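Subject: Structure handover, salt bridges

Hello,

Here is the structure for you to look over. My notes on its charged pairs follow below.

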Amino acid sequence: MINRRQALKNIGLSVGYIAATPTILSVLQSCTSEIKLDWVPQLLSEDEAKILDQLVDLIIPETDIPGAKSLNVPMFIDKYMNEVAKKEEAAMFKRSAGLVLEELGVNEDRPVKKIKIEEYDALLSKYLKSTKEQQETYNREVAQIKSLKDFESLSNEVSIFSFLSAVRDLSIWGFKTSEEIGENVLAYAPVPGEQIGCDSLEKLTGGKAWSL
């Protein structure tokens, strides 16, 4: 299990700029001690949502700080993709989630509850820890997508890579955006003070990434 310092280092990575409404962001504030799939997915099927739940938990697990799952990040991702993302992007996300079910071997005889955590971990490793060259190849193919029709022509591998990359980026963004992490874990300055542009993060914040 990773420790607090490693977790903060990991989530310090930039994931770009994404605009969401206050209503969607409020999902991240309703933290409970244990999150089960007792929420109704808006975009994904129940099985797809359960898989999203497990993937998010592996991407940012519980340590001595709350994990992404306990901060409602899976629900946030589903809600964001359904209400904020463009319709074609949501359709691509939904289609890729179905391909992930197939990749994990989910069917009538092998329901989601029989998928072992090691299989989720292997899935993430296969795509998100693939070689730099392989990921560059995936990204080049994804960059050429202009429409849902183009997306449907991609190989299953590229579609799954696109889905897992989106889940990772949204997990990190949602985690850092949550009130609990923003105010109590990351470096937080509600009233900006002196600007020091040429000093190390270790000296300025003790190594913590800044809250967004």
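Buried here means under 20% relative accessible area. Partly exposed runs from there up to 50%. Keep that cut-off in mind for Glu48. Note also that this is a predicted model.

The structure holds 7 salt bridges. Three pairs are described here, including one between two helices.

**Lys94 and Glu48.** These two form a salt bridge, with the closest N and O atoms 2.8 Å apart. Lys94 sits in helix H5 (residues 87–103) and Glu48 in helix H3, so the pair ties together parts that are 46 residues apart in sequence. Glu48 has a relative accessible area of 8%, so this residue is buried. Lys94 is partly exposed, at 28% relative accessibility.

**Lys50 and Glu46.** This salt bridge stays inside one helix: both residues lie in H3 (residues 46–59). They are 4 residues apart, about one turn of the helix. The closest N and O atoms are 3.5 Å apart. Lys50 is partly exposed at 32% relative accessibility. Glu46 is also partly exposed, with a relative accessible area of 49%.

**Asp169 and Arg168.** Here the closest N and O atoms of the salt bridge are 3.6 Å apart. Asp169 counts as partly exposed, at 29% relative accessibility. Arg168 counts as partly exposed too, at 26%.

As background, side chains of opposite charge can pair when their charged atoms come close.

Best wishes

How values were computed: Residues are numbered from 1 along each chain as its sequence is written. This is a predicted model: local features need pLDDT of at least 70, side-chain atom pairs count only at pLDDT 80 or more; totals for chains, interfaces and linings use all residues. Side-chain values use heavy atoms; hydrogens and water are left out. A salt bridge is a side-chain nitrogen of Lys or Arg within 4 Å of a carboxyl oxygen of Asp or Glu. Buried means under 20% relative accessible area, exposed over 50%, partly exposed in between (1.4 Å probe, protein chains only).
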